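Visitor: Hi, I'm new to this one. Could you walk me through a few spots in it?
Guide: Sure, have a look first.

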Amino acid sequence: MKSCDALVLCPRAACTNGHTTDIRMAGLTANGFMIRRLARKLAGFSGPVVVVTNPVDVRTRLYAEASGSTRV
């Protein structure tokens, strides 16, 4: 994947959304580890990365922090 021009990430772990409020944050615990793991594997990728799984803002920050990337 590091030879790609750009990456679009939309990982989702199997989880049941039991939240009745702030629904977009429900999968963060289940999916946060996936973003961090992908980010560590892709550290050094120089192209743009687009994160499209909710909560997008939080997952994008997790990716940027774990990968050291400035193009997220």
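**Cysteines, a threonine and a helix**

Guide: Cys10 is exposed, at 53% relative accessible area (exposed is over 50%, buried under 20%, partly exposed in between, with a 1.4 Å probe and protein chains only). This is a predicted model, where local features need pLDDT of at least 70 and side-chain atom pairs pLDDT 80 or more, while totals for chains, interfaces and linings use all residues. Residues are numbered from 1 along each chain as its sequence is written, and side-chain values use heavy atoms, without hydrogens and water.

Visitor: How many disulfides are there in the whole structure?
Guide: Zero, where a disulfide means two cysteine sulfur atoms within 2.5 Å. For Cys10, the nearest cysteine sulfur is that of Cys4, 14 Å away.

Visitor: And Thr53, buried or exposed?
Guide: Thr53 counts as buried, with 12% relative accessibility. You'll find Thr53 in the loop between β2 (49-51) and α2 (56-67); helices (H or I, at least four residues) and strands (E, at least two) are DSSP runs, numbered from the N terminus.

Visitor: What does Thr53 touch?
Guide: Beyond neighbours within four places in sequence, Thr53 is in contact with Leu9, Cys10, Pro11 and Arg59, contact being heavy atoms within 4.5 Å.

Visitor: Now α2: which residues are buried there?
Guide: Val58, Arg59, Leu62, Tyr63 and Ser67.

Visitor: What covers them?
Guide: The cover for the buried residues of α2 includes β1 (7-9), α1 (28-41) and β2.

Visitor: And what comes after α2?
Guide: Gly68, with a positive phi near 80 degrees.
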